[in-house]
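Visitor: Could you take me through one part of this model up close? I'd like to see how a single spot sits in its surroundings, and then how those surroundings tie into the rest.

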Amino acid sequence: MKLLAPSILSADLSNLAQQIRLVEMSGADWIHCDIMDGHFVPNITFGPVLVKAVKKSTKLPVDVHLMIKNPDNYLEDFRNAGSDIISVHFEEVIHLNRTITRIKELGAKAGVVINPSTPVSSLKDIAEYIDLLLIMTVNPGFGGQSFISNSERRIAEAVELRKSLKANFLIEVDGGINTKTIKSVSIAGCDVFVAGSSIFHSDNISASTAELKNLISK
């Protein structure tokens, strides 16, 4: 089953609960939260307090992507706020196996994120332990960026890695996902599609959510 995860990075935070309800009623499967600290990436978004508000506003799983320095220091805070899936960056975490184990001990699903310049093969020694591999299809830090063209190849490489290790992780993509890119990404083997601007900056949030969901359901 292909899953759609609208990113609240692009939502109107003054009407957050209402916008979450719109995407939930229109076919969304997860709610994605992009956490940025102004250090790991050149932008600042929000923290556990807003994740807690998201959790109160939806029955869907809350998918949290930590684009922050020293994420190990905040795992418990984000889990206590209601995160169901917590993903950390391969490029930031030194003892990645320990971090993945800790996320699972806290009762959340554990994910690893790789930037566009990080080879998929870098994950061969951790892939069998994770629940989710998030492949960035833009450089992290800001919403509304253009899709990086070699991303389908990287997704296909992740599919082969999963197969070779007999692993069970889901493959997620984040960045530049819209009606023009989502189908080819799906064909490449993606399981979870993060979409922000193409949903929340559209004229009709409900219709845009339903359209994207329909494109990956065919």
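Guide: A residue is called buried here when its relative accessible area is under 20%. By that cut-off Thr-209 is buried, because its relative accessible area is 0%. Keep in mind that this is a predicted model.

So let's start from Thr-209 and work outwards. Thr-209 belongs to helix 8, which covers residues 205-217. Leaving aside residues up to four places away in sequence, Thr-209 touches Leu-4, Val-23, Ser-26, Gly-27, Ala-28 and Ile-199. One of those contacts, Val-23, is a buried residue of helix 1 (residues 16-25). Gly-27, another contact of Thr-209, comes just after helix 1 and has a positive phi of about 115°.

Now for the two helices as a pair. Helix 1 and helix 8 pack with their axes 8 Å apart, at an angle of about 35°, and the crossing is right-handed. On the helix 1 side the contact is made by Gln-19, Leu-22 and Val-23; on the helix 8 side by Ile-205, Ser-206 and Thr-209. Sorted by class, that contact has three nonpolar residues, three polar ones and no charged ones.

Stay with helix 1 for a moment. Its buried residues are Leu-16, Gln-19, Ile-20 and Val-23. They sit on the same side of helix 1, because they cover an arc of only 100° around the axis. The cover over them includes helix 8, but also strand 1, strand 2, helix 2 (48-57) and helix 7 (197-200).

Helix 2 is the next stop. Its buried residues are Leu-50, Val-51, Val-54 and Ser-57, and they lie on the same side of helix 2 because their arc around the axis is only 120°. On the other side of helix 2, Val-49 and Lys-56 are exposed. The buried residues of helix 2 are covered by elements including helix 1, strand 2, strand 3 and helix 3 (75-80).

Those strands lead us to the sheet. It is an open sheet of eight strands in the order 1-8-7-6-5-4-3-2, with parallel pairing. At its edges are strand 1 (3-6) and strand 2 (31-36), each pairing on one side only. From one strand to the next, the twist averages 25°. Both edge strands are among the elements that cover the buried residues of helix 1.

Going inwards from strand 2, we get to strand 3 (residues 62-67), which runs parallel to strand 4 and is joined to it by four bridges. Asp-63 has Ile-85 in strand 4 as its bridge partner. Strand 4 (residues 85-89) is mostly covered, with five of its five residues buried. In a regular strand, side chains alternate between the two faces of the sheet. Here Ile-85, Ser-87 and His-89 point one way from strand 4, while Ile-86 and Val-88 point the other way, and all are buried.

Two of those strand 4 residues, Ser-87 and Val-88, turn up in the contacts of Val-112, which lies in strand 5. Val-112 counts as buried because its relative accessible area is 0%. Again not counting residues up to four places away in sequence, its other contacts include Phe-90, Leu-96, Ile-100, Leu-123, Ile-130 and Leu-134.

Leu-96 and Ile-100 also touch Ile-126, and so does Asn-97. Ile-126 is in the loop between strand 5 and strand 6, and it is buried because its relative accessibility is 7%. If you want a distance to check, Ile-126 and Asn-97 are 29 residues apart in sequence but 6.7 Å apart in space, C-alpha to C-alpha.

Last, look further along the sheet. Strand 7 (residues 170-174) and strand 8 (residues 192-195) pair in the parallel sense over three bridges, and Glu-172 stands opposite Val-192 in strand 8. Helix 5 (residues 151-165) packs on the sheet here, touching strand 5 (109-114), strand 6 (132-136) and strand 7. The direction of helix 5 makes about 165° with that of strand 7. In the strand order, strand 8 comes between strand 7 and strand 1. Strand 1 takes us back to the start, as one of the elements covering the buried residues of helix 1, where Val-23 touches Thr-209.

Technical notes
Residues numbered from 1 in each chain as written. Predicted model: local features only at pLDDT ≥ 70, side-chain atom pairs only at ≥ 80, totals over all residues. Heavy atoms only, no water. Pairing = 2+ DSSP bridges. Axes fitted to C-alpha atoms, helices over the stretch in contact; angles between N-to-C directions. Contact = heavy atoms within 4.5 Å. Buried < 20%, exposed > 50% of the residue type's maximum accessible area, 1.4 Å probe, protein only. Arc of directions from axis to C-beta. Left-handed = near helix turned anticlockwise from the far one by under 90°. Nonpolar A, V, L, I, M, F, W, Y, C, P; charged D, E, K, R; others polar.
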